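Reader: I have not seen this structure before. Please take me through it step by step.

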Amino acid sequence: MAATAGATAGAATEFNLRIGMHGLSSLRSTSSSFWTQTRRRSGSNVSFFPVLSMKTTEKDQTVNLGSVNGALDLSSDSNLGGTRISKNARRKTKIVCTIGPSTCTREMLWKLAEAGMNVARLNMSHGDHASHLKTIDLVKEYNARFEDKVIAIMLDTKGPEVRSGDVPQPILLKEGQEFNFTIKRGVSTENTVSVNYDDFVDDVEVGDILLVDGGMMSLAVKSKTTDLVKCEVIDGGELKSRRHLNVRGKSATLPSITEKDWEDIKFGVDNKVDFYAVSFVKDAEVVYELKDYLKSCNADIHVIVKIESADSIPNLDSIISASDGAMVARGDLGAELPIEDVPLLQEEIIRKCHSKQKPVIVATNMLESMINHPTPTRAEVSDIAIAVRESADAVMLSGETAHGKYPLKAVKVMHTVALRTESSLPNSTIAPIHSTAFKVQSHMSGMFAFHATTMANTLGTSIIVFTRTGSMAALLSHYRPSAAIFAFTNVDRVKQRLALYHGVIPIYMQFSDDAEETFSRALNILLGKDLLEEGEHVTIVQSGLQPIWRQESTHHIQVREVKG
């Protein structure tokens with residue numbers, strides 16, 4: 001283990017922390033701690049920044065982190081109350097926008113991206129492959145034009161939805177009225193309509209509560225025959241064609257991935273989308289089945305599980321572990337489970353994703369009123385702020401951008417609220433959300449991501465990471481550093497995928513065989529785009545699954561001053 005300081009080309013000062021596997025293994029049955037201090041001069045004042053402490057033992061081959069100091073606030077301004085968003089502040093929480101009739105043109109997609117969209121969502125419940133392919137092509141055109149701007153593509157499967165049949169005109173349901181659902185196709189009368197699910201009669205029981213459109217209307221099951229479910233209307237309203245039906249507390253016994261979903265998944269493989277959002281996932285087997293299929297297709301697409309069914313809750317741990325991330329789909333979740341449980345489940349799902357180092361998206365009804373109105377409700381603003389404070393990687397817009405009247409305003413509201421909320425959060429070094437013990441052999445990168453975050457937070461620097469797989473950028477994102485993570489990659493797919501991760505700004509750049517040349521070009525790009533200023537310090541991380549310009553057993557953290 002060694003810490004050295006010296007001058008290098010392109011940097012007035014450099015702090016270089018290097019730990020090799022041989023260095024760790026040689027600390028047999030001993031404890032050692034070190035404090036690395038670097039000086040920042042301002043006139044005659046010198047400030048010292050403690051970086052980290054570490055203890056190693058051979059017995060269990062783990063590295064236990066000691067207590068880590070929070071960031072030092074050298075100004076007189078408090079982080080709480082009266083905080084203002086600085087001119088160059090960058091939002092860390094990402095925004096997912098659903099593309100639909102309101103936003104499917106080239107002009108609108110460009111405007112959404114400039115307003116703050118990071119991920120374009122294709123909702124396969126609506127539209128056809130031709131319309132979605134148009135969106136994919138427009139997104140790819142946008143991505144090809146910029147090295148430091150990117151939009152990821154998320155394909156959201158329809159899933160096993162139970163819906164009512166077509167009706168010639170809306171049927172008015174009144175409280176206390178008798179109304180029936182039948183598994184016979186094509187039935188539409190004033191008191192009976194069809195459903196699209198043959199086992200509907202078997203799945204419901206007398207006393208169950210049926211919810212229409214996520215609870216906009218509700219009916220109680222009174223009796224049933226071999227092909228008919230007889231209900232009494234509790235909360236009435238207008239029943240239109242193909243409305244979504246839920247049974248509170250139950251999930252339909254349908255496969256999570258339907259035949260239509262498999263067709264849409266193949267469409268995603270053919271067109272190289274970045275993520276699948278899989279609807280109504282009930283267990284981990286569904287995720288493994290999809291991942292096996294993707295592996296057979298040699299498709300580099302990550303799987304986001306949508307937590308929206310009652311059956312998924314007991315299996316949360318295994319589902320999230322099997323996935324590449326999760327979405328809190330609060331609409332159907334609040335229909336199948338008591339609505340008062342949704343905020344608690346949201347918090348739990350976010351916490352579990354953090355513990356497993358998986359990105360998490362909060363979705364549904366975030367700015368619902370802005371489908372028809374130019375300003376949000378105050379409750380909706382608070383809803384976004386809560387998701388940001390709970391440290392979700394992303395927040396999502398559905399109908400607001402798909403068919404709403406004010407899609408750009410909705411994105412701008414979400415951007416502004418997220419940025420303002422982030423500016424009020426205390427800047428402190430966050431200890432690992434999971435265990436503070438890292439297995440040396442398998443978690444060296446995780447340990448370095450934590451220490452790099454500690455160092456960057458303590459010194460108040462941005463982080464630069466060079467990656468071919470995205471793994472180190474994702475790990476750094478997990479520890480939520482206070483400043484931005486500039487992730488340079490020479491792989492387009494990695495650049496696009498990293499668009500979802502909290503705090504990560506992915507930038508495409510070809511790597512040189514010479515590390516110093518690559519560092520210099522990266523810094524020049526950031527300076528040229530006003531992402532850094534001359535005289536700033538940056539923390540540079542070299543670590544991850546694939547070594548770049550280093551021996552596989554050695555990992556580097558450097559702090560450099562940016563020179564023009």
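Reader: In what order do the eight strands close into a barrel?

Author: The model is a predicted one. In it, eight strands close into a barrel, and their pairing is parallel. From one strand to the next the twist averages 25°. The order of the strands is β7-β8-β9-β18-β19-β20-β21-β22.

Reader: Which residue in β8 does T98 stand opposite?

Author: Strand β7 covers residues 94-98 and strand β8 covers residues 119-123. The two run parallel and are joined by three bridges. Opposite T98, in β8, stands R121.

Reader: Which helix lies across β8 and β9?

Author: Strand β9 spans residues 152-156. The helix across β8 and β9 is made of residues 129-145 and runs at about 170° to β8. That helix is α3.

Reader: Are α10 and α12 parallel or oblique to each other?

Author: Helix α10 holds residues 378-389 and helix α12 holds residues 407-424; their axes come within 9 Å and cross at roughly 50°. The contact includes V381 and I384 of α10 and M414 and V417 of α12. The crossing of α10 past α12 is right-handed. Angles under 35 degrees count as roughly parallel and those from 65 to 115 as roughly perpendicular, and the two helices are therefore oblique.

Reader: What percentage of the residues of the chain count as buried?

Author: The chain has 16 helices and 28 strands. Its accessible surface comes to about 24,500 Å², with 50% belonging to carbon and sulfur atoms. Of its 564 residues, the share that counts as buried is 54%.

Methods:
Residues numbered from 1 in each chain as written. Predicted model: local features only at pLDDT ≥ 70, side-chain atom pairs only at ≥ 80, totals over all residues. Heavy atoms only, no water. Pairing = 2+ DSSP bridges. Helix = DSSP H or I, 4+ residues; strand = E, 2+ residues; numbered from the N terminus. Axes fitted to C-alpha atoms, helices over the stretch in contact; angles between N-to-C directions. Contact = heavy atoms within 4.5 Å. Buried < 20%, exposed > 50% of the residue type's maximum accessible area, 1.4 Å probe, protein only. Areas by Shrake-Rupley, 256 points an atom, 1.4 Å probe, with all protein chains shown as cover. Parallel < 35°, antiparallel > 145°, perpendicular 65-115°, else oblique. Left-handed = near helix turned anticlockwise from the far one by under 90°.
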